[in-house]
Amino acid sequence: MLDREGVTKFLSGENIRCRDTAEVSKKICDMKKDGYSALQILADFDYTISHCRFEKERMSSSFGALERYSGMSEEFRAKTRALYDHFYPQEVDPNIPPEIKVGLMTEWFTKSAGCIISEGVSKETVKNAADTSKVKLRGKFDVFAETLVREEVPLLVFSAGVGQIIERVFSNAKISPDNVKIIANMLEFNSEDNAVQFRPPLITTGNKSTVAAQEKEYFNSHIDRVNSILLGDNIEDIQMSACVRNYSKNVLTVGFLNDRVEDRLELYKSTFDVVILNDPDFTDVIQLFECLQ
C-alpha cells in the first residue's frame, strides 16, 4: 500500500518543487508495487552527489580538484581558471540553445583535459589532489549509499568528471564499491605513472546519451531493473536515461538546481519530475527512496 502521508511529506518539503504532483505520485505508486528489486539509480556526480556550495563557500568539481590543486604549476592553474571563468557562465545560461551549448561544453572539456595531460600529472598527484580538494559529498549520501547496498539496488554514477578523483573521494568516505559502477573520464597512465590521455570518448555534459549507448553490457545486465531514479544537476543530465527508456516502466527524474535559480526554475520544472533547491543534503532523496519501500 502506498504511504500517501510519506509521499505528501516528500512533495511538500521546503526544498522541493514539482510541475505535476499527481504524475509523480503515480510514478511512485507504480515503482513501489515493483519493489526495490526492480529499481536502479542513475546519478551524476559533480554538484549532484557532491555539494555545489557548503557553508556559503563554492566547492570544487572533480575536474576542479585538479585545477585548483596547489601542486600544479601556476601556469596550469591560471589557464584552467580562465577556462572556467569563460565557460561556466555559458553552462548555466538558460538562453543558450542546447545545440550551441553542446559545442561550447565540448570545447571546454577538451581544452581542460588537454591542460591536464600537458601538465603531466602523476597517479600520486591525482590522489593528493583528491585528498586535499574541496570536493564535498552531500551530507547523508553515505547513509543513502549504505541503504542501496543493503537493499541490493545498483548505483550507476555517470559523470563528465575525472573518474579517479571520484573513486578516491568515495574511498575516503568509505562508500562501498560493491553495487557501484562509475562511468567517467578515466585517466590513462604510462609505465612511469604519468597521465598520457583520457580514455576515449571524452564525456561532457552534452554527450551522455551517446556514451550511454556504448555501455550496453551494463544496461543489459540490469534489464530487469525496470524502474529508475535519475539524479542530476544539469538539464543535459536527463540524457542518462537514454539507455533505460526502451525497457523501463518508470523513470523518475530529480534535478538539483544549484545556481541561477530564479531564471532556470521553470526550465528545470519542465525537464525534471522533481526539482531540489537550496543545495541540501541527501535527506530529500532518502525520503523519496523510502516512499518506495
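Start with Lys111 and Glu107, which form a salt bridge whose closest N and O atoms are 2.8 Å apart. This is a predicted model, so take that distance as a computed one. Both residues belong to helix α5, and because they are 4 residues apart there, about one helical turn separates them. An α-helix has 3.6 residues a turn, so residues three or four places apart point the same way. Neither partner is hidden away: Lys111 counts as partly exposed at 40% relative accessibility, and Glu107 is partly exposed too, with a relative accessible area of 34%.

Now look at the helix that carries this pair. Helix α5 runs from residue 98 to 119, 22 residues in total. From its first C-alpha to its last it reaches 31 Å, close to the 32 Å expected at 1.5 Å a residue. Quite a list of its residues is buried: Lys101, Leu104, Met105, Trp108, Phe109, Ser112, Ala113, Cys115 and Ile116. These buried residues sit on the same side of α5, because they cover an arc of only 160 degrees around the axis. Turn to the face pointing away from that buried side and you'll find the exposed residues Glu99 and Ser118.

What lies over the buried residues of α5? The cover includes helices α3 (62-67) and α4 (74-91), along with strands β5 (155-162), β7 and β8. Just past the end of α5, Gly120 takes a positive phi of about 70 degrees.

Two of those covering strands deserve a stop of their own. Strand β7 (residues 187-189) and strand β8 (residues 195-198) run antiparallel, joined by 3 bridges. To get your bearings, find Leu187, which stands opposite Phe198 in β8. The two strands make a hairpin with 5 residues between them, and in the turn Asp193 has a positive phi of about 65 degrees. Carry on past β8 and you come to the loop between β8 and α9 (208-212), where Pro201 is found. The peptide bond from Pro200 to Pro201 is cis, with omega near 0 degrees.

Helix α4, another part of the cover over α5, has a salt bridge of its own. Lys79 pairs with Glu75, and here the closest N and O atoms are 3.4 Å apart. Both residues lie in α4, 4 residues apart, or about one turn of the helix. Lys79 is partly exposed, with a relative accessible area of 44%, while Glu75 comes out as exposed at 53%.

Salt bridges can also span parts of the chain that are far apart in sequence. Asp131 and Arg168 meet through their side chains in one, at 2.8 Å from N to O. This pair links distant parts of the chain: Asp131 is in helix α6 (residues 123-131) and Arg168 in helix α8 (residues 163-172), 37 residues apart. Asp131 is partly exposed, with a relative accessible area of 35%, and Arg168 also counts as partly exposed, at 27% relative accessibility. Elsewhere, Arg19, Lys27 and Asp273 are linked in a network of salt bridges. The overall count comes to 19 salt bridges.

Asp273 from that network leads us on to Thr253, whose side chain reaches the backbone nitrogen of Asp273 at 2.8 Å. Is Thr253 buried or exposed? Thr253 is buried, because its relative accessible area is 3%, and buried means under 20%. It lies in strand β10 (residues 250-256). Leaving aside residues up to four places away in sequence, Thr253 touches Leu230, Ile238, Arg245, Thr271, Phe272, Asp273 and Val274.

Finally, a couple of loops are worth checking for their backbone angles. Lys140 is not a glycine, yet it has a positive phi of about 70 degrees. It lies in the loop between α6 and α7 (141-150), and at 41% relative accessibility it counts as partly exposed. Asp279, again not a glycine, has a positive phi of about 50 degrees. You'll find Asp279 in the loop between β11 (274-276) and α12 (283-291). Despite its place in a loop, Asp279 counts as buried, at 13% relative accessibility.

Technical notes. Residues are numbered from 1 along each chain as its sequence is written. This is a predicted model: local features need pLDDT of at least 70, side-chain atom pairs count only at pLDDT 80 or more; totals for chains, interfaces and linings use all residues. Side-chain values use heavy atoms; hydrogens and water are left out. Two strands pair if DSSP finds at least two bridges between them. Buried means under 20% relative accessible area, exposed over 50%, partly exposed in between (1.4 Å probe, protein chains only). A polar contact is a pair of N or O atoms within 3.5 Å; within protein, one must be able to donate a hydrogen and the other to accept it, and residues adjacent in sequence count only if both atoms are side-chain atoms. Contact means heavy atoms within 4.5 Å. The expected span of a helix is 1.5 Å times one less than its number of residues. The arc is that of the directions from the helix axis to the C-beta atoms. A salt bridge is a side-chain nitrogen of Lys or Arg within 4 Å of a carboxyl oxygen of Asp or Glu.
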